[in-house]
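Please walk me through this model in the viewer, one selection at a time. I would like to know what to pick next and what is there.

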Number of protein chains: 2
Amino acid sequence: MKGIIVFRMGHRKRRDPRLSTHVALAARAFGAEKMLFSGDKDPELIRSVDRVTSNWGGAFRVQYVKSWKPFVTNWKMSGKSVQLTMYGINVYDVVEEIRSCDRDLLVIVGGQKVPREIYELVDWNVSITSQPHSEVSALAVFLHILLSGDEFKKKFPDARIGIVPCLRGKKVIRSNSSLLSS
Amino acid sequence: MKGIIVFRMGHRKRRDPRLSTHVALAARAFGAEKMLFSGDKDPELIRSVDRVTSNWGGAFRVQYVKSWKPFVTNWKMSGKSVQLTMYGINVYDVVEEIRSCDRDLLVIVGGQKVPREIYELVDWNVSITSQPHSEVSALAVFLHILLSGDEFKKKFPDARIGIVPCLRGKKVIRSNSSLLSS
């Protein structure tokens with residue numbers, strides 16, 4: 001497996017603004033290179049995640065995809081794809097197979113209404129439990145399992161802000177190297 | 001550790017309706033017994049999660065807590081508490097200690113504005129990476145690590161609907177035992 005790209009299908013600007021932002025931030029924190037989204041155009045979604053990346057480092061980006069179908073169909077020529085869905089097979093049954101592919105991986109998360117065709121187009125339909133929960137939790141736990149917890153070691157170059165983990169309070173480092181405790 | 005209760009602090013009915021529902025559903029799917037929330041009263045949040053539980057089984061419930069401070073203070077007399085925050089210590093540094101306590105565990109997740117006092121009141125401030133992402137992903141990955149992936153084996157008694165995991169399409173079982181494929 002090479003790079004990981006998350007594709008959030010069917011974004012609804014009015015209903016999902018914060019949820020799609022959370023999907024993007026989870027994608028970034030748990031090791032994806034970028035998030036693409038279809039559905040409503042939403043420059044504010046892109047800007048809000050860009051602001052996080054600019055402060056917290058790394059090269060994560062968000063991009064809009066106008067039509068999901070030609071995009072996913074074309075993707076099959078160069079990469080593999082997995083849809084996260086409660087109807088899919090247990091992640092542990094396929095995670096080795098997914099890890100061992102030597103191409104980029106598209107991880108698709110939908111909202112409530114996912115077109116039926118997507119189940120046929122992807123290489124794997126994978127479940128993070130067969131219970132209803134959230135595209136945010138499904139994505140994070142999937143990437144955590146897929147990358148064997150590597151999110152805890154991940155570096156984000158050129159960060160302006162960093163955190164010093166502590167049991168109480170907040171310790172923040174700014175890029176001028178002053179340690180700000182509170 | 002006995003039971004796990006999730007406490008979602010500072011729910012905002014207008015801004016967070018779907019996010020708080022996703023926190024509750026992740027809590028349920030990943031092994032918590034109930035979710036409490038403070039902030040805005042929101043009967044619809046309670047009803048929407050009750051509908052899920054009634055269809056998908058188990059005894060998960062959502063309850064409103066009027067004032068977080070007396071609640072968290074009183075909790076200390078009978079149980080342990082952990083706040084999930086990007087400023088906290090790495091979950092792997094304390095997960096054994098948390099697991100080995102023989103009392104109920106309160107898992108606190110906040111929104112963007114968490115009162116400072118909470119950092120002092122809880123037993124552990126724990127991070128799921130020191131990067132910004134989402135209370136939904138932080139909660140799910142924390143419970144996944146804490147319970148060693150037990151969410152994949154968890155049973156939900158008295159479900160009206162269940163899923164037969166499959167690589168393509170959707171296989172749903174209703175409580176009258178008819179297998180509905182599509």
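Select helix α1 (residues 17-29) of chain B together with α6(B): in this predicted model the two helices pack at an angle of about 5°, with their axes 9 Å apart. Angles under 35 degrees count as roughly parallel, and α1(B) and α6(B) are therefore roughly parallel to each other. To see the contact, show side chains for B:Leu19, B:His22, B:Val23, B:Ala26 and B:Ala27 on α1(B), and for B:Glu135, B:Val136, B:Leu139 and B:Ala140 on α6(B). Coloured by class, the contact of α1(B) with α6(B) shows seven nonpolar, one polar and one charged residues.

Keep α6(B) and replace α1(B) with helix α4 (residues 91-99) of chain B. The axes of α4(B) and α6(B) lie 10 Å apart, at an angle of about 55°. That angle makes α4(B) oblique to α6(B). The crossing of α4(B) and α6(B) is right-handed. On α4(B), the residues to pick are B:Val91, B:Val95, B:Ile98 and B:Arg99; their partners on α6(B) are B:Phe142, B:Ile145 and B:Leu146. This contact of α4(B) with α6(B) has six nonpolar residues, no polar ones and one charged one.

Next, bring in the other chain. Select helix α6 (residues 135-146) in chain A and helix α6 (residues 135-146) in chain B, which pack with their axes 8 Å apart and at an angle of about 45°. α6(A) is thereby oblique to α6(B). α6(A) passes α6(B) in a right-handed crossing. Which residues meet in α6(A) and α6(B)? From α6(A) come A:Val136, A:Ser137, A:Ala140, A:Val141 and A:His144, and from α6(B) come B:Val136, B:Ser137, B:Ala140, B:Val141 and B:His144. By class, the contact of α6(A) with α6(B) has six nonpolar, four polar and no charged residues.

Stay on A:Ser137 for a moment. Of the residues of chain A, A:Ser137 comes closest to the rotation axis, with its C-alpha at 2.2 Å. To check that axis, superpose the copies: a turn of 180° and a shift of 0.0 Å along the axis lay chain A on chain B with an RMSD of 0.0 Å. The two copies are thus related as by a two-fold rotation axis.

Now widen the selection to the whole contact between the chains. Chain A gives 40 residues to the contact and chain B gives 40 residues. On the side of chain A that touches chain B, at least two residues each come from α1 (17-29), α2 (43-56), β4 (79-90), α5 (117-121), β6 (124-127) and α6 of chain A. The largest share of this side, six residues, comes from α1(A). By class, the side of chain A that touches chain B has 22 nonpolar, 13 polar and five charged residues. Of the interface residues of chain A, 100% are also interface residues in chain B, so the copies meet through the same surface.

Finally, hide chain B and zoom out to chain A. The secondary structure of chain A comes to six helices and nine strands. Along the principal axes, the C-alpha atoms of chain A fill a box of roughly 55 × 35 × 30 Å. For 182 residues, a compact globule would have a radius of gyration near 16 Å, and the 17 Å of chain A agrees with that.

Technical notes:
Residues numbered from 1 in each chain as written. Chains lettered and ligands numbered in written order. Predicted model: local features only at pLDDT ≥ 70, side-chain atom pairs only at ≥ 80, totals over all residues. Axes fitted to C-alpha atoms, helices over the stretch in contact; angles between N-to-C directions. Helix = DSSP H or I, 4+ residues; strand = E, 2+ residues; numbered from the N terminus. Parallel < 35°, antiparallel > 145°, perpendicular 65-115°, else oblique. Left-handed = near helix turned anticlockwise from the far one by under 90°. Contact = placed C-beta atoms within 7 Å. Nonpolar A, V, L, I, M, F, W, Y, C, P; charged D, E, K, R; others polar. Least-squares fit on C-alpha atoms with pLDDT ≥ 70 in both. Rg over C-alpha atoms; globule rule 2.2 N^0.38 Å.
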